[in-house]
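Here are some short exercises to work through with the structure open beside you. Try each task on your own before reading its solution.

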Amino acid sequence: MPDISRRRALTAAAALAVTATAVGVAATAASAADHTHPMPMPETFDEVYKGRRIQGRPMGGGGHHHEHGGGFEVLIDGVQLHLMRNADGTWISIVSHYDPVATPRAAARAAVDELQGAPLLPFPAN
Amino acid sequence: MTVRKNQAALTTDEKKRFVDAVLALKRSGRYDDFVRTHNEFIMSDTDTGERTGHRSPSFLPWHRRFLLDFEQALQSVDSSVALPYWDWSSDRTVRASLWAPDFLGGTGRSTDGRVMDGPFAAAAGNWPMNVRVDGRTFLRRSLGTAVRELPTRAEVESVLSMSTYDMAPYNSASDGFRNNLEGWRGVNLHNRVHVWVGGQMATGVSPNDPVFWLHHAYVDKLWAEWQRRHPDAGYVPTGGTPDVVDLDETMKPWDDVRPADLLDHTKFYTFDS
Ligand SMILES: [Cu+2]
Ligand SMILES: [Cu+2]
């Protein structure tokens, strides 16, 4: 991605941090090799999708062991969904591990689709 | 010497022995240890951190060793059994004999994805989902739903023609043979097959579906074909790469085997063709 659009993305992310709403910017992420430009934090969300509450938010400070979402977590009916961010800024979850989507919200919705009403189990904190 | 055959060419007796050995491992609890190990690696392999089983150069040797362990476990039950492979570029419809009731059973029913026939259907009582990420305890599939088409032979050829094994940054953003075979880049071979099968095969606990082994046995065969085609190209990186398993570094969870020890499959098994 040209630098100019990356800078624009980071600016949008900064705005997001204040308002906690607005367009998703995760998919505009910088390359993984580029550690000097950390990927922007995705948008916070809290909605009911197909009858289930899905939430996405920056992680609290409290020592989560599995932290592969760049400090972002997703919950389905209050249970944490194991989430991972790919180098290109796309996302996968434990219930859809081979099929990247653009945002954590899309991963949460894909998980609800896949679960067909079944409860998510908390992943072992090993 | 173990000969790995195309699943389409197995005799009725070979299919039965394979299925019976898999069910015996399930009964003894050994099968679920494989599921657990796979899920642990898939959750912890990350693009920006330590990565061993997936999204890294060691994807291929890691799964080769993982399949060897499983095949040896099968052979401890029945020494005549070898892992078959599923060439999904030729047996690419739900009507393939792979999915018949005398082998793996077919797709899931539309309401809940539950597999209703074959030896691994929940109703038969021999295939409980013990290591799982959600509440459902039955094997599920949704063949050809989430993605319509399995890879074609031409797509396989396009990946086999890539002359570099892997490239920096040695993760899901890499160019080269390994990542195009794994499927994070390009036409998408291995990942797409997981998605095409659906059900548990699309999740971190994918070895819950026995087709996992047949899929990976074919991915492993494609690595061997790539080596034959590019005899002068080798595993990379060859040293000093943080978070990545170099050629002569040992791999978790075994800690006593290096990619270098696994490059030549003929030490362990051959293929029917
Ligand atoms: Cu795997
Ligand atoms: Cu796989």
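## Exercise 1: Prolines with a cis peptide bond

In this predicted model, B:Pro253 sits in the loop between H7 and H8 of chain B.

**Task.** Find what the peptide bond from B:Lys252 to B:Pro253 is, cis or trans, and do likewise for the bond from B:Val236 to B:Pro237.

**Solution.** Start with B:Lys252 to B:Pro253: omega is near 0 degrees, and the bond is cis. Next take B:Val236 to B:Pro237, where omega is near 5 degrees and the bond is again cis. Finally, place the second proline: B:Pro237 is also in the loop between H7 and H8 of chain B.

## Exercise 2: The first copper site

**Task.** Work out which residues donate to the copper ion (ligand 1) and where B:His38 and B:His63 lie in the chain.

**Solution.** Step one is to list the protein donors: B:His38, B:His54 and B:His63, each through NE2, at 1.9 to 2.1 Å from the copper ion (ligand 1). Step two is the sequence spacing of these donor residues, which reads H-x15-H-x8-H. Step three is to locate the pair: B:His38 belongs to helix H2 (residues 30-44) and B:His63 to helix H3 (residues 59-77) of chain B, 25 residues apart, so the pair links distant parts of the chain. To finish, check the burial of the pair: both B:His38 and B:His63 are buried.

## Exercise 3: The second copper site

**Task.** Repeat the analysis for the copper ion (ligand 2): which residues coordinate it, and how far is it from the copper ion (ligand 1)?

**Solution.** Begin with the coordination: NE2 atoms of B:His190, B:His194 and B:His216 bind the copper ion (ligand 2) at 2.0 Å. Along the chain, the donors show the spacing H-x3-H-x21-H. Two of them tie distant parts of the chain together: B:His194 in helix H6 (residues 190-197) and B:His216 in helix H7 (residues 211-229) of chain B, 22 residues apart. Now apply the burial cut-off, under 20% relative accessible area. B:His194 has 0% and therefore counts as buried, and B:His216 is buried as well, with 2%. Last comes the distance between the metals: the copper ion (ligand 2) and the copper ion (ligand 1) are separated by 4.0 Å.

## Exercise 4: Positive phi values

**Task.** Decide whether B:Arg55 and B:Tyr170 are buried or exposed, and state what their phi values are.

**Solution.** For B:Arg55, phi is near 50 degrees, a positive value in a residue other than glycine. B:Arg55 lies in the loop between H2 and H3 of chain B, and its relative accessibility of 1% makes it buried. For B:Tyr170, phi is near 55 degrees, again positive in a residue other than glycine. The loop that holds B:Tyr170 runs between helix H4 (153-160) and helix H5 (177-182) of chain B. At 16% relative accessibility, B:Tyr170 counts as buried too.

## Exercise 5: The chain as a whole

**Task.** Compare the radius of gyration of chain B with that of a compact globule.

**Solution.** First set the expectation: a compact globule of 273 residues would have a radius of gyration near 19 Å, and the 18 Å of chain B agrees with this. Then look at the contents, eight helices and two strands, in the order β-α-α-α-α-α-α-α-α-β. Finally, look at burial and contacts. Of the 273 residues, 60% count as buried. Among contacts between residues at least 6 apart in sequence, 69% join residues at least 24 apart.

Definitions and conventions. Residues are numbered from 1 along each chain as its sequence is written. Chains are lettered from A and ligands numbered from 1 in the order in which they are written. This is a predicted model: local features need pLDDT of at least 70, side-chain atom pairs count only at pLDDT 80 or more; totals for chains, interfaces and linings use all residues. Side-chain values use heavy atoms; hydrogens and water are left out. Donors are N, O and S atoms within 2.8 Å of the metal (3.2 Å for Na, K and Ca); water is not among the atoms, so sites may look incomplete. Helices (H or I, at least four residues) and strands (E, at least two) are DSSP runs, numbered from the N terminus. Buried means under 20% relative accessible area, exposed over 50%, partly exposed in between (1.4 Å probe, protein chains only). The radius of gyration is taken over C-alpha atoms; the globule rule is 2.2 Å times the number of residues to the power 0.38. Contact means heavy atoms within 4.5 Å.
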